[in-house]
Amino acid sequence: DINFAGNVRSAIDFLGNKWNYDCMGCAISRGDMKTPGGIIYEGMHTLLVADPEIPIPGFLIVNTKRHVNSFSELNKEERIEVGNVIAYAEKALKELNIVKEVTLVQEERSKHLHIWIFPTYSWMIEKFGKGIKYLRDISEYAQKNVSEDDIKEILNVIEKIKKYFEQHDIND
């Protein structure tokens, strides 16, 4: 848990696996870090996975394979693929009746571009309110209150979204 400049950091995923990495985005892209439920979609430039640390069904991460810090640093092909993956992930969440609404977040602070597709559930609004300012509180609550049933549901949702991606061409 030192710093970004080549020193090792660590994380514990919601299944209890501990991972050491130099950059979490790069470790996922290289396959050094296995996310719970595995890779949902892999393209030429991106990966779609469930967030490894926050146990919320349908909380997805679009991760670039190339180590860049910002969406503005992507080339045209990468931007198109990232956009298509986001669009199809949102469609999957909504068409599979997992959630009706999501929040997209991209923050440059992490040093490796990834985009959160954060689902909105009624329990979140009831406990915390609605809006981006509550995402950290919701995430912390989910980590502290995860149950075995929650984990089963997360893994089930991952499988549903994998099948959705297998049945659709994101380049259409």
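Contact here means heavy atoms within 4.5 Å. The model described below is predicted.

**Helix α2**

The buried residues of α2 pack against β3 (41-42), β4 (46-50), β5 (60-64), β6, β7 (114-119) and α5 (148-166). Those buried residues are Glu78, Glu81, Val82, Val85, Ile86, Tyr88, Ala89, Ala92 and Leu93. The helix has 20 residues, which at 1.5 Å a residue should span 28 Å; the C-alpha atoms at its ends are 28 Å apart, so the two values agree.

**The chain as a whole**

The protein chain contains five helices and seven strands. Read from the N terminus, its elements follow the order β-β-α-β-β-β-α-β-β-α-α-α. With a radius of gyration of 15 Å, close to the 16 Å that the globule rule gives for 172 residues, the protein chain is as compact as a globular protein of that length. Along the principal axes, its C-alpha atoms fill a box of roughly 40 × 40 × 25 Å.

Of the 172 residues, 44% count as buried. Among contacts in the protein chain with a separation of 6 or more, 53% come from residues 24 or more positions apart. The surface exposed by the protein chain is about 9,300 Å², and carbon and sulfur atoms supply 48% of it. The protein chain carries 22 positive and 27 negative charges, and the mean positions of the two sets are 2 Å apart.

**Two loop residues**

Leu15 and Asn97 both sit in loops. Their relative accessibilities are listed here.

| Residue | Relative accessible area | Class |
|---|---|---|
| Leu15 | 41% | partly exposed |
| Asn97 | 70% | exposed |

Leu15 lies in the loop between β1 (9-12) and β2 (18-21). Apart from neighbours within four places in sequence, Leu15 is in contact with Pro36 and Ile151. Leu15 and Lys152 are 137 residues apart in sequence, while their C-alpha atoms are 11 Å apart in space. Leu15 counts as partly exposed because its 41% falls between the 20% limit for buried and the 50% limit for exposed.

Asn97 belongs to the loop between α2 (76-95) and β6 (102-106). The phi angle of Asn97 is near 60°, a positive value in a residue other than glycine. Asn97 counts as exposed because its relative accessible area of 70% is over 50%.

Conventions: Residues numbered from 1 in each chain as written. Predicted model: local features only at pLDDT ≥ 70, side-chain atom pairs only at ≥ 80, totals over all residues. Heavy atoms only, no water. Helix = DSSP H or I, 4+ residues; strand = E, 2+ residues; numbered from the N terminus. Buried < 20%, exposed > 50% of the residue type's maximum accessible area, 1.4 Å probe, protein only. Rg over C-alpha atoms; globule rule 2.2 N^0.38 Å. Areas by Shrake-Rupley, 256 points an atom, 1.4 Å probe, with all protein chains shown as cover. Lys, Arg positive; Asp, Glu negative; His and termini not counted. Charge placed at Lys NZ, Arg CZ, Asp CG, Glu CD. Expected span 1.5 Å × (residues − 1).
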